[in-house]
Amino acid sequence: MRFMVHWKIHRDKGKEAIANFAGLDLDDYKAQSGPDVHVIGRWHDVLTLTGVVIAEADTAEALGKWLIPWHPLCDFEIVTAMTDEEAHALAQEMTAEG
């Protein structure tokens, strides 16, 4: 299952979150997702303290285990994500007469 995670750092936690991120070894940071979550891509907007990550996981629990440690610093909006082909097939199915 693919997930799109929008995150927003709490305004009063911005300096703390940026300091935590800056202090991490980048390879260790990338490994935080663990063996059950594959990060496809991650994008950050440090000016607005927001970002998005696309990840694959077999379960929502695996995704949650990865994100929970960051929850004191930021809020998450998590939705499923589909490719063009997957969304197109679903749209065709939804609009089929029958």
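Here are legends for four close-up views of this predicted model.

**View 1. Strand β3, tucked inside.** This close-up follows β3, residues 50-57. Six of its eight residues are buried, so the rest of the structure largely encloses the strand. "Buried" here is relative accessible area under 20%.

**View 2. β3 and its partner β1.** Strand β1 covers residues 2-9 and runs antiparallel to β3, with seven bridges joining the two. To get your bearings, look for Met4, whose bridge partner in β3 is Ile54.

**View 3. β2, β3 and the turn linking them.** Here's another antiparallel pairing: β2 (residues 37-45) is joined to β3 by eight bridges. One spot to pick out is Val37, which has Ala57 as its bridge partner in β3. β2 and β3 form a hairpin with four residues between the strands. Keep an eye on Leu49 in this hairpin, as its phi is positive, near 60 degrees.

**View 4. Looking at the largest pocket.** The volume of the largest pocket comes to about 330 Å³. Its lining takes in 17 residues, and those nearest the centre are Trp7, Ile9, Tyr29, His44 and Trp70. Several elements chip in: at least two lining residues come from each of β1, α1 (14-23), β2, α3 (60-67) and β4 (74-80). Sorted by class, the lining holds 14 nonpolar residues, two charged and one polar.

Notes. Residues are numbered from 1 along each chain as its sequence is written. This is a predicted model: local features need pLDDT of at least 70, side-chain atom pairs count only at pLDDT 80 or more; totals for chains, interfaces and linings use all residues. Side-chain values use heavy atoms; hydrogens and water are left out. Buried means under 20% relative accessible area, exposed over 50%, partly exposed in between (1.4 Å probe, protein chains only). Two strands pair if DSSP finds at least two bridges between them. On a 1 Å grid over the protein atoms alone, a cavity is a set of points where a 1.4 Å probe fits but cannot get out, and a pocket is an open set with protein on both sides within 12 Å along at least five of seven lines; lining residues have an atom within 4 Å of a point. Grid points are joined across faces, edges and corners, and a volume is the space filled by probe spheres set on the points. Ala, Val, Leu, Ile, Met, Phe, Trp, Tyr, Cys and Pro count as nonpolar, Asp, Glu, Lys and Arg as charged, and the others, Gly among them, as polar.
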